[in-house]
Amino acid sequence: MARVFALVTWNLQGSVLPDLVPGWSPAARWAAGVVSALVFFISVLLHELSHAFVALHYKMSVPSITLFIFGGVSNIEGEMRTPGQEFRIAVVGPLTSLALGLLLGGVWLAMPGDIGRIIMYLAAVNIILGVFNLVPGFPLDGGRVLRAIIWASSGDITKSTRVASRVGTAVAWGMIALGVYSALMGNLGGLWYVLIGLFLKTASDNAYGQMVLERALEGVFVRDVMREAPAPVEPQSNLKRVVEDRVIGRGERSIFVGGEGRVLGLFTIADLAAIPVDQLPSMTAGEIMIPAERVVTVQPGTPLLEATRAMTERDIHQVPVVEDGRMVGVLSRGDVLQQLEVRQRFGRSDG
Ligand SMILES: [Zn+2]
């Protein structure tokens, strides 16, 4: 965050302000750069707050807002419940940016001169932010607006997300092509379009996959999918025997260390592979395990989507399911995938 702020300030005083206010001293440019960067960040923040404000009005929680260089990303929890809600939550952001642009434009008209030109530049930035976010590619705001419109007419949120993400991907490829073309014509600024296009393409692919996952796993909890936990090994168990009995013998990939129903820790085959083979006979499970307090656990009542996110974010394949400090089962990514496959093949049980 501080780094992005510094980058924006540096870019403003170095490449933007020399053109806008050529007569200013470097010190004055730096001061104006800091103030302008501040106005820029407040603009992006207001855009995001407007989304959050409307979402809160519909009693949806907004746990975090991440400021981003092309506009922020509000983390609005849960799917929109109606197309109308989604439409209003999405459209208010670009409208806020456009309104800020007009407001600053008005200030510029009232205030000619050097400072007025800086304000004009900030007005233009807000207009660009508003227009860019209105591009109808999901997950940009405009893509959400498009999705809401298709959703309202078709009643099918999955289909409308698919269409809106395809438009998003098409827009992304368009930007990449435009950027490459203008870079080949000698305008290196075109590389920015390539970067933004790549960002948008990744975002639209992810957003669609995320939505499919969310729909499929809605209303499923860890207890519905978890398996019975394999018996844990004892902390003093010999590692060579653990490898022979559990890894080779039963194909287990992560092994829990415990006693009297409690999880003391766990280790995976990757941890085992890091140890030279000739040292295995002289080592114990307790020596290489990750202690329980650093092990990610879930509860039987944890929503499966949340558990899946926790596993994906930390790149772990298996988590112990713990209730009242006792291990009651184990959840693996394989189990989640299998559940997804079944649900996609046979449809959702709640109809
Ligand atoms: Zn927005």
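How much accessible surface does the protein have, and what share of it belongs to carbon and sulfur atoms? In this predicted model, the accessible surface adds up to about 19,100 Å², and carbon and sulfur atoms account for 62% of it. As for the interior, 42% of the 351 residues are buried.

The fold is built from 13 helices and 7 strands. The protein is more spread out than a compact globule, because its radius of gyration is 27 Å, well over the 20 Å that the globule rule gives for 351 residues. Measured out along the principal axes, so to speak, is a box of roughly 80 × 50 × 40 Å, filled by the C-alpha atoms.The domain assignment splits out two parts: domain 1 covers 2-134 and domain 2 covers 222-346. Taken over C-alpha atoms, the centres of domain 1 and domain 2 are separated by 46 Å. Contacts along the chain were also tallied. Of those between residues at least 6 apart in sequence, 61% link residues at least 24 apart. On the charge side, there are 29 positive and 30 negative charges, and their mean positions sit 6 Å apart.

A few individual residues are worth a look. Phe40 is found in helix 2, which runs over residues 26-57. With a relative accessible area of 14%, Phe40 counts as buried, because the cut-off for that label is under 20%. Val8 is 32 residues away from Phe40 along the chain, and the C-alpha atoms of the two are 8.9 Å apart.

Thr308 belongs to helix 12 (residues 304-314). Its relative accessible area is 9%, so Thr308 is buried too. Leaving aside residues up to four places away in sequence, Thr308 touches Leu217 and Val336.

Glu252, by contrast, sits in a loop, the one that joins helix 9 (239-250) to strand 3 (254-259). Is this loop residue buried or exposed? Glu252 turns out to be buried, since its relative accessible area comes to 12%. The partners that Glu252 touches, again without residues up to four places away in sequence, are Pro230, Arg246, Val247 and Ile269. One of these, Val247, falls within the 239-250 stretch of helix 9.

Methods: Residues are numbered from 1 along each chain as its sequence is written. This is a predicted model: local features need pLDDT of at least 70, side-chain atom pairs count only at pLDDT 80 or more; totals for chains, interfaces and linings use all residues. Side-chain values use heavy atoms; hydrogens and water are left out. Helices (H or I, at least four residues) and strands (E, at least two) are DSSP runs, numbered from the N terminus. The radius of gyration is taken over C-alpha atoms; the globule rule is 2.2 Å times the number of residues to the power 0.38. Buried means under 20% relative accessible area, exposed over 50%, partly exposed in between (1.4 Å probe, protein chains only). Contact means heavy atoms within 4.5 Å. Accessible areas come from the Shrake-Rupley method with a 1.4 Å probe; for residues, only the protein chains shown count as cover. Lys and Arg count as positive and Asp and Glu as negative; His and the chain ends are not counted. The place of a charge is taken as NZ of Lys, CZ of Arg, CG of Asp or CD of Glu. Domain bounds come from an automatic or database domain assignment.
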